[in-house]
Each structure stands twice: as C-alpha cells, then as structure tokens.
Amino acid sequence: MQPVNMFEAKSSLSRLVEAIEAGAESEIVIARHGRPVAKLVPVDQSAAQKRIGVAKGKFVVPDSIDAYNDEVAALFTGELKS
C-alpha cells in the first residue's frame with residue numbers, strides 16, 4: 001500500500017484498522033507532507049496471551065507463607081527496624 005497522508009489517516013482510521021485486522025495489509029505507513037512519519041501495524045498476538053498460572057507446578061508454597069506478614073508489614077511502614 002502506498003503511504004497514506006495524515007488527513008486521510010485521520011478521516012479513515014477505522015477503515016485502515018479494519019484492513020490491518022483482516023490481514024489485507026501487514027502495515028500502513030502514514031506520511032506528513034509526503035514524508036513517512038508513522039507506521040500502523042497489527043499487535044503481536046503472542047503478547048496478549050493469558051499469563052495467570054504461568055509458574056504453576058514450578059515451586060511449592062510452604063504452609064507457613066503467612067507466618068511473617070506482620071513483620072514484613074512493619075518493615076514497610078518503618079515500625080520495625082531490621
């Protein structure tokens with residue numbers, strides 16, 4: 001696709017985004033005064049993957065994990081000197 005001028009990009013942004021989403025265009029260059037200044041590209045889908053549970057099964061949480069909560073909180077508030 002030829003570079004799109006800034007005015008056209010502003011007035012037809014939805015159409016340009018739809019072209020990227022549909023895969024009709026892999027990138028759209030936006031130009032100001034005929035000079036390329038920006039590029040519209042699809043977001044990498046791997047970055048949007050679910051991250052919760054990524055460490056599941058990698059370590060064991062001890063039963064005493066909460067044993068020092070009060071001491072740790074005091075360290076953060078300055079109530080307890082280390």
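## Close-up views of a predicted model

**View 1. Arg-15 and Glu-8 meet in a salt bridge.** Arg-15 pairs with Glu-8 here, and their closest N and O atoms are 3.2 Å apart. Please keep in mind that this is a predicted model. Is Arg-15 buried, partly exposed or exposed? With a relative accessible area of 42%, Arg-15 is partly exposed. Its partner Glu-8 also falls in the partly exposed class, at 32% relative accessibility. The structure holds two salt bridges, and the next view turns to the pair of Glu-27 and Lys-39.

**View 2. Glu-27 and Lys-39 form a salt bridge between distant parts of the chain.** The N to O distance between these two side chains is 3.7 Å. Glu-27 sits in the loop between helix 2 and strand 2, while Lys-39 belongs to strand 3, and the two are twelve residues apart. Glu-27 is partly exposed at 35% relative accessibility. Lys-39, with a relative accessible area of 52%, counts as exposed; the cut-off for that class is over 50%.

**View 3. Three strands make an open sheet with mixed pairing.** The order of the strands is 1-2-3. Strand 1 and strand 3 are the edge strands, each pairing on one side only. Strand 1, residues 4-5, runs parallel to strand 2, and two bridges join them. How many bridges join strand 2 to strand 3? There are five, and these two strands run antiparallel. To follow the sheet residue by residue, start at Asn-5, which faces Ala-31 in strand 2. Ala-31 in turn stands opposite Pro-36 in strand 3. Further along the antiparallel pair, Ile-30 lies opposite Ala-38, and Ile-28 lies opposite Leu-40.

**View 4. His-33 has a positive phi in the hairpin of strand 2 and strand 3.** Two residues lie between the strands of this hairpin, and His-33 is found in that loop. What is the phi of His-33 near? The value is near 55°, positive in a residue other than glycine. For a sense of context, most residues other than glycine have a negative phi, and most peptide bonds are trans. His-33 is exposed, with a relative accessibility of 81%.

**View 5. Seven residues build the largest nonpolar core.** Which residues make up this core? They are Val-4, Ala-9, Leu-16, Ile-20, Ile-28, Ile-30 and Leu-40. Helix 2 (13-22) and strand 2 (28-32) each contribute at least two of the core residues. Leu-16 is a good place to begin looking around: setting aside residues up to four places away in sequence, Leu-16 touches Val-4, Ala-9, Ile-28 and Leu-40. Two of these contacts, Ile-28 and Leu-40, also stand opposite each other in the sheet. More broadly, nonpolar side chains in soluble globular proteins tend to be buried together.

**View 6. Val-41 lies in the loop between strand 3 and helix 3.** Val-41 is partly exposed, with a relative accessibility of 42%. Which residues does Val-41 contact, leaving aside neighbours within four places in sequence? They are Ile-20, Ser-26 and Glu-27. Two of these residues have appeared in earlier views: Ile-20 is a member of the largest nonpolar core, and Glu-27 is the salt-bridge partner of Lys-39. Val-41 and Val-29 are twelve residues apart in sequence, and their C-alpha atoms are 8.8 Å apart in space.

**View 7. Phe-59, Val-61 and Ile-65 form a nonpolar patch on the surface.** Together, these three residues have about 320 Å² of accessible area. Where is Ile-65 placed? Ile-65 belongs to the loop between strand 3 (35-40) and helix 3 (69-77), and Val-41 from the previous view is found in the loop between strand 3 and helix 3 as well.

Notes. Residues numbered from 1 in each chain as written. Predicted model: local features only at pLDDT ≥ 70, side-chain atom pairs only at ≥ 80, totals over all residues. Heavy atoms only, no water. Core = buried A, V, L, I, M, F, W, Y, C linked by side-chain atoms within 4.5 Å. Buried < 20%, exposed > 50% of the residue type's maximum accessible area, 1.4 Å probe, protein only. Helix = DSSP H or I, 4+ residues; strand = E, 2+ residues; numbered from the N terminus. Contact = heavy atoms within 4.5 Å. Patch = residues over 30% accessible without salt bridge, like charges linked within 9 Å, V, L, I, M, F, W, Y side chains within 5 Å. Areas by Shrake-Rupley, 256 points an atom, 1.4 Å probe, with all protein chains shown as cover. Salt bridge = Lys/Arg side-chain N within 4 Å of Asp/Glu carboxyl O. Pairing = 2+ DSSP bridges.
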